[in-house]
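Student: I have a model to go through before my next bench session. Can we take the labels one at a time and test each against its definition?

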Amino acid sequence: MARTVRDTNLEKPAARARLAPRGKPYWRVLESGLHLGYRRTKTGGGSWTARRFLGGGKYAERGLGLADDLQEADGATVLTFSDAQGKARVWWKAAERAELGLAPIDGPYTVRKALDAYFADRERRGSKGLAKDRAAARARILPALGDVELAKLTTKRIRDWHTGLATAPKLVRSSRIVKKAQKRRAVDAKDADAVRARRATANRTLTVLKAALNHAFHDGRVVTDEAWRKVKPFREADAPVVHFLSEDECRRMVIACDGAFRSLVRAALLSGCRYGELTRMRARDFNAEAGTITVRESKSGKPRHVALTDEGQSLFADLTAGHTGREPIFIRDDGKAWGPSHQQRPLDAASARAKIEPAATFHILRHTYASALAMRGVPMGVIAAQLGHSDTRMTEKHYAHLSPNYVAETVRAALPALGILDNTTNVEAGVKVN
């Protein structure tokens, strides 16, 4: 809060009454470049005005309201000396922000407003994963922090919230038809993988919050980013724990799926494509001559071509037969398009019938595809290209340990030779060995 400036000539109506009426205001400096002025008229009353320095001897002025010389102050149109200072500073800050090309401040800037502005900016830029991050914010950020002003957000409050997310019960997806309170499932503290997963979720949510707060900071909505800069994510929460299906489980899974969903699952296992990539795919995206499918809208924003096996080519040839180029390859049994989250319940049901525990997710199908390639010695670069990874780092993190040759070849290529020829004399180095 800016301090209230004192001035014995302007503070009280009685003191101002002793000032001579004149057209030029009596100015008082509030901040460097900001002045508050009192203009006294011959009728006895006066008014407040503010001015800000523009440079080159020029000023911009703004009338603020009447002084409380003849009427009781109401804080809106009739102002005390203190009220006038506050109004002058609000006008000054708004003018300074406008000059810098920043949006005006409309009341206390809360975490909720910061998230709204951040998501709006991402939407304008066509950012991927926006719907998922919005949902995470609604469920995990807004209930605890949404109404907190950024200026009052402390490191301890963010850290307590982040720690609480890691131990909070897991949210369970419920029916959209029946509106009920959000279901929750307790986390087994003895299950190391479950604890790691909750910490990973907390870290991802913290990333969304920090991104929104940093956006607000760079937009001039808060003067420092120190409060959240000090909050660190949990370590080793995202260590690769790759679940994939065995060949027998893949066969059981496909058999357990019904109708059009079976084709979608088969395509995922044979291409490694994400659910959204497959459901957006059109008939023109299958090239029978090259034996490939084209992913035009990927998570990274870059298109890619996925090579298919003979079985994959046969599947896509059957699915696209008789279809025009713009028709979707995958549609539901009722003729409608597959939408967000339409895949998990059929996968849960198929997993139960196939006796697969824990239940498979679409991402596990993608892991299964990549793991199968890695275990057959396919180079990491090829797997990365098939999956749409920008480089091999993510691919190596998740699948390198499955490759029978990758680790051995990497070690052999990196470890230098010692140059020792026998146990008596090193001819090259001339070093005697005991």
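Student: Which residue of strand 10 is the bridge partner of isoleucine 293?

Tutor: Valine 306 is the bridge partner of isoleucine 293. Remember that this is a predicted model.

Student: What makes strand 9 and strand 10 a pair?

Tutor: Pairing needs at least two bridges. Four bridges join strand 9 to strand 10 (residues 304-307), and the two run antiparallel. Therefore they count as paired.

Student: How do you know that strand 8 also pairs with strand 9?

Tutor: Strand 8 (residues 286-287) and strand 9 share two bridges, in the antiparallel sense. The cut-off is at least two, so the pair passes. Asparagine 287 stands opposite threonine 292 in strand 9. The two strands form a hairpin with four residues between them. In that turn, glycine 291 has a positive phi of about 70°.

Student: Which way do the residues of strand 9 point?

Tutor: Thr292 and Thr294 point one way, Ile293 and Val295 the other. All are buried, so each has under 20% relative accessible area.

Student: What makes the sheet of five strands open, and where are its edges?

Tutor: The order is 1-2-3-4-5, with mixed pairing. Strand 1 (26-31) and strand 5 (78-79) each have a single partner strand, so one side of each lacks a neighbour in the sheet. Those two strands are the edges.

Student: Which helix packs on that sheet?

Tutor: Helix 2 (residues 81-99) does, touching strand 1, strand 2 (34-40), strand 3 (46-55), strand 4 and strand 5. Its direction makes about 30° with that of strand 3.

Student: Why is the pairing called mixed?

Tutor: Compare two pairs. Strand 3 and strand 4 are antiparallel over eight bridges. Strand 4 (residues 58-67) and strand 5 are parallel over two bridges. Both senses occur, so the pairing is mixed. In the antiparallel pair, arginine 52 has alanine 60 as its bridge partner in strand 4. In the parallel pair, leucine 66 has valine 78 in strand 5.

Student: How do you know that helix 4 is not straight?

Tutor: Helix 4 (residues 130-145) has 16 residues, yet its end C-alpha atoms are only 20 Å apart. A straight helix would reach 22 Å at 1.5 Å a residue. Helix 4 bends by about 40° at alanine 137.

Student: How does helix 6 do on the span test?

Tutor: Helix 6 has 27 residues and reaches 38 Å from its first C-alpha to its last. That is close to the 39 Å expected. Just after helix 6, glycine 220 takes a positive phi of about 80°.

Student: Which elements do the buried residues of helix 4 pack against?

Tutor: They pack against helix 3 (111-124), helix 5 (155-167) and helix 6 (192-218). Among these buried residues are Leu130, Asp133 and Ala137.

Student: What makes leucine 278 stand out in the largest nonpolar core?

Tutor: That core has 48 residues. Leucine 278 is one of those that touch the most other members, along with Met253, Val265, Phe316 and Phe330. Helix 9 gives the largest share of the core, eight residues. The contacts of leucine 278 include Leu264, Ala267, Phe316 and Phe362.

Student: Which residues belong to the second core?

Tutor: Tyr109, Val111, Ala114 and Ala212 are among its 29 residues. This core is separate.

Key. Residues are numbered from 1 along each chain as its sequence is written. This is a predicted model: local features need pLDDT of at least 70, side-chain atom pairs count only at pLDDT 80 or more; totals for chains, interfaces and linings use all residues. Side-chain values use heavy atoms; hydrogens and water are left out. Contact means heavy atoms within 4.5 Å. Axes are lines fitted to C-alpha atoms, for helices over the stretch in contact, and angles run from 0 to 180 degrees between N-to-C directions. The expected span of a helix is 1.5 Å times one less than its number of residues. The bend at a residue is the angle between axes fitted to the seven residues ending there and the seven starting there. Buried means under 20% relative accessible area, exposed over 50%, partly exposed in between (1.4 Å probe, protein chains only). A nonpolar core is a set of buried Ala, Val, Leu, Ile, Met, Phe, Trp, Tyr and Cys residues joined through side-chain atoms within 4.5 Å. Lists of a residue's contacts leave out its neighbours within four places in sequence.
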